[in-house]
Amino acid sequence: MQPDATTFEVIKNESGTLLGYNGIRHGMLDAGNNIASPTLRYFALYIDAKKPVKMLTIGGGACILPTWAQSRGIQSHIVEPASAVLDIAREHFFFAPNLHTVFMTTGETYLTSADELYDCIVLDAFRSHIQDEFCYSPDGIALCLSRLNVGGHLLINTYQSADNRSWQSISHDLIGCENNVFIRAVQGHESNMLLFTVRESA
């Protein structure tokens, strides 16, 4: 899923800095350079409470969450296939590539070839409003769970849409693997749903 670099835009105003892709918001910092995106704020609060040592983000985008996590001493790995968006993250969103391990590939390629284990995986792999077909499939979800340490957490940004699997279907897949699934709607974004689950056994 390689985005067309010409469709990215960075908007800066008195409210902060926003990364847009085909008119869809893909991350924002406020005027004080704090996380402004509701989705990322919820994820940050959750991660702060769980205190993982090693985190993987599938779908780096502006790398706002990995940058925040690294600043808190969390070892940060990122899967992002688009070099153009990583350049934007570096130039406009304080992303320092040398402080992270970056895999310039798709989520499918990484999940099916890597053997690293993580305390936390964030799945946020979108092309505009389209979710990555493999990563959000039952096989993709199962692979994400298999890349977690026991007790590790999987955080998923998803939403209800006419042309994608719905968050209810993804939640069903998770419940089939793990019993502990928490779902939260994102305030101000009716369609966005955040799913949280934990790998309870090997």
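Over the face of which residue does Lys 54 lie? In this predicted model, Lys 54 is placed over the face of Tyr 118, at 5.2 Å from the ring centre. A further lysine, Lys 50, lies over the face of Tyr 46, where the distance from the ring centre is 5.3 Å. Tyr 46 also takes part in a cluster, in which ring pairs link this residue with Phe 43 and Phe 196. The count of aromatic pairs comes to four.

Phe 43, Tyr 46 and Lys 50 belong to a stretch of chain that forms helix α1, which spans residues 38-50. The axis of helix α1 comes within 10 Å of the axis of helix α2, formed by residues 64-71, and the two axes cross at roughly 25°. Because angles under 35 degrees count as roughly parallel, α1 is described as roughly parallel to α2. The crossing of these two helices is right-handed.

On the side of α1, the contact is made by Leu 40, Phe 43, Ala 44, Ile 47 and Asp 48, while α2 contributes Ile 64, Leu 65 and Trp 68. When these residues are sorted by class, the contact of α1 with α2 contains seven nonpolar residues and one charged residue, with no polar residues. Phe 43 is thus named both in the contact between the helices and in the cluster of rings with Tyr 46 and Phe 196.

Key
Residues numbered from 1 in each chain as written. Predicted model: local features only at pLDDT ≥ 70, side-chain atom pairs only at ≥ 80, totals over all residues. Heavy atoms only, no water. Axes fitted to C-alpha atoms, helices over the stretch in contact; angles between N-to-C directions. Helix = DSSP H or I, 4+ residues; strand = E, 2+ residues; numbered from the N terminus. Parallel < 35°, antiparallel > 145°, perpendicular 65-115°, else oblique. Left-handed = near helix turned anticlockwise from the far one by under 90°. Contact = heavy atoms within 4.5 Å. Nonpolar A, V, L, I, M, F, W, Y, C, P; charged D, E, K, R; others polar. Phe/Tyr/Trp six-rings, centres within 6.5 Å; stacked < 30°, edge-to-face > 60°. Lys NZ or Arg CZ within 6 Å of the ring centre and 35° of its normal.
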